[in-house]
Amino acid sequence: MTGGGLLHVPFEHAMMFAGVLLLLGLAGVIARRDAIFILLSLEVMLNAAGLAFVLAAARFAAPDGQVMFLFVLAVAAAEVSIGLALVLWLYHYKRTIDIDKARDMRG
Amino acid sequence: MGNYAFYIPAAVAIAATFMVVTSRSAIHALLYLVVSLLAAAVVLLVFGAPFAAAMEVIIYAGAIMVLFVFVIMILGRGPHVRRPGPPPAAWIGPGILTAILAAELGWLEAGGGAVVGSAQVSPAAVGASLMGPYLLGVELASVLLLAGLVGAFHLGYRLGAKGTPGATDKAQKDGGGP
């Protein structure tokens, strides 16, 4: 059914795949204290969300999922450029990229 | 039989992502993330989304990962800096995973081509959809990217005006003056 052709993957398995990737990324965001790793895990999560869009749309052979994937891609590109610039700022002022050290706002 | 075309790259992606989250060194995590994105691209290709697969490789595994490499090299410290001596064995894990992906791609090209070739959403359909009902979204994405560009330029400009890290703090303190 899914994707047609020889591929008969249950829809749930495709969604579970995206979900597992998302949860792994979430675990990385929560567990890691290194700003670079947090940004990497955010990339994993955004990628999983985009994958879910495409895989869901592939069930109906619709192009909408790939359109949403492109939007997710744009969001990821903007987010990572700003985020890495902020990491450079953090390193410039704190001499570390451990986000637990960036507590000036008592966050 | 065709189902393995999905489950193999899915397993590779999950394993590589797990290594990303648990890896100690940033550059090793980056290597595994590239492998994870390549595996996700194979999944997209198998699911009949060749355009999304190409974008995944070109933009995610290409452009965005290069940004990470830049920043890690600029920070240039910690365990991810290459030390003299025998080359590290960090390439073995990602290499094996990538070899699995390459083997599957070859298998798809050779025999399982029907999986890739059938019921796919062509790039032309995606483009027509982008320029049709989603035109407003494209404009919003362009505004978002412009905001990202201005923001990154702003942050980088202020950072550059202060000179190189390390030298500036001292210079500012010493050179106080009026």
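These questions and answers concern a predicted model with chains A and B.

Me: Which helix gives the most to the side of chain B that touches chain A?
Reply: The contact takes 57 residues from chain B and 53 residues from chain A. On chain B, α1 (4-22), α2 (26-46), α3 (50-75), α5 (113-117), α6 (123-131) and α7 (135-161) each supply at least two residues of the side that touches chain A. The most, 12 residues, comes from α3(B).

Me: How many residues of the side of chain B that touches chain A are charged?
Reply: The residues on that side of chain B divide into three classes. Of these, 46 are nonpolar and 11 are polar. The charged class holds no residues.

Me: Is V43(B) buried or exposed?
Reply: V43(B) sits in helix α2 of chain B. Not counting residues up to four places away in sequence, V43(B) touches F6(B), P9(B), A10(B) and A13(B). A residue counts as buried if 20 or more other C-beta atoms lie within 10 Å of its own. V43(B) has 29 within 10 Å, so V43(B) is buried.

Me: Which helix gives the most to the largest nonpolar core?
Reply: The largest nonpolar core has 80 residues, and I36(A), V54(A), V43(B) and L44(B) are those with the most contacts inside it. At least two residues of this core come from each of α1 (11-31), α2 (35-59) and α3 (64-94) of chain A and from each of α1, α2 and α3 of chain B. With 18 residues, the helix that gives the most is α2(B).

Me: Which residues of chain B does V54(A) touch, not counting residues up to four places away in sequence?
Reply: V54(A) is among the residues with the most contacts inside the largest nonpolar core. In chain A, V54(A) touches G65(A), Q66(A) and F69(A). In chain B, V54(A) touches L44(B), F47(B), A49(B) and A52(B).

Conventions
Residues are numbered from 1 along each chain as its sequence is written. Chains are lettered from A and ligands numbered from 1 in the order in which they are written. This is a predicted model: local features need pLDDT of at least 70, side-chain atom pairs count only at pLDDT 80 or more; totals for chains, interfaces and linings use all residues. Two residues are in contact if their C-beta atoms, placed from the backbone, lie within 7 Å. Helices (H or I, at least four residues) and strands (E, at least two) are DSSP runs, numbered from the N terminus. Ala, Val, Leu, Ile, Met, Phe, Trp, Tyr, Cys and Pro count as nonpolar, Asp, Glu, Lys and Arg as charged, and the others, Gly among them, as polar. A residue is buried if 20 or more other C-beta atoms lie within 10 Å of its own, exposed if 12 or fewer, and partly exposed in between; C-beta atoms are placed from the backbone. A nonpolar core is a set of buried Ala, Val, Leu, Ile, Met, Phe, Trp, Tyr and Cys residues joined through C-beta atoms within 7 Å.
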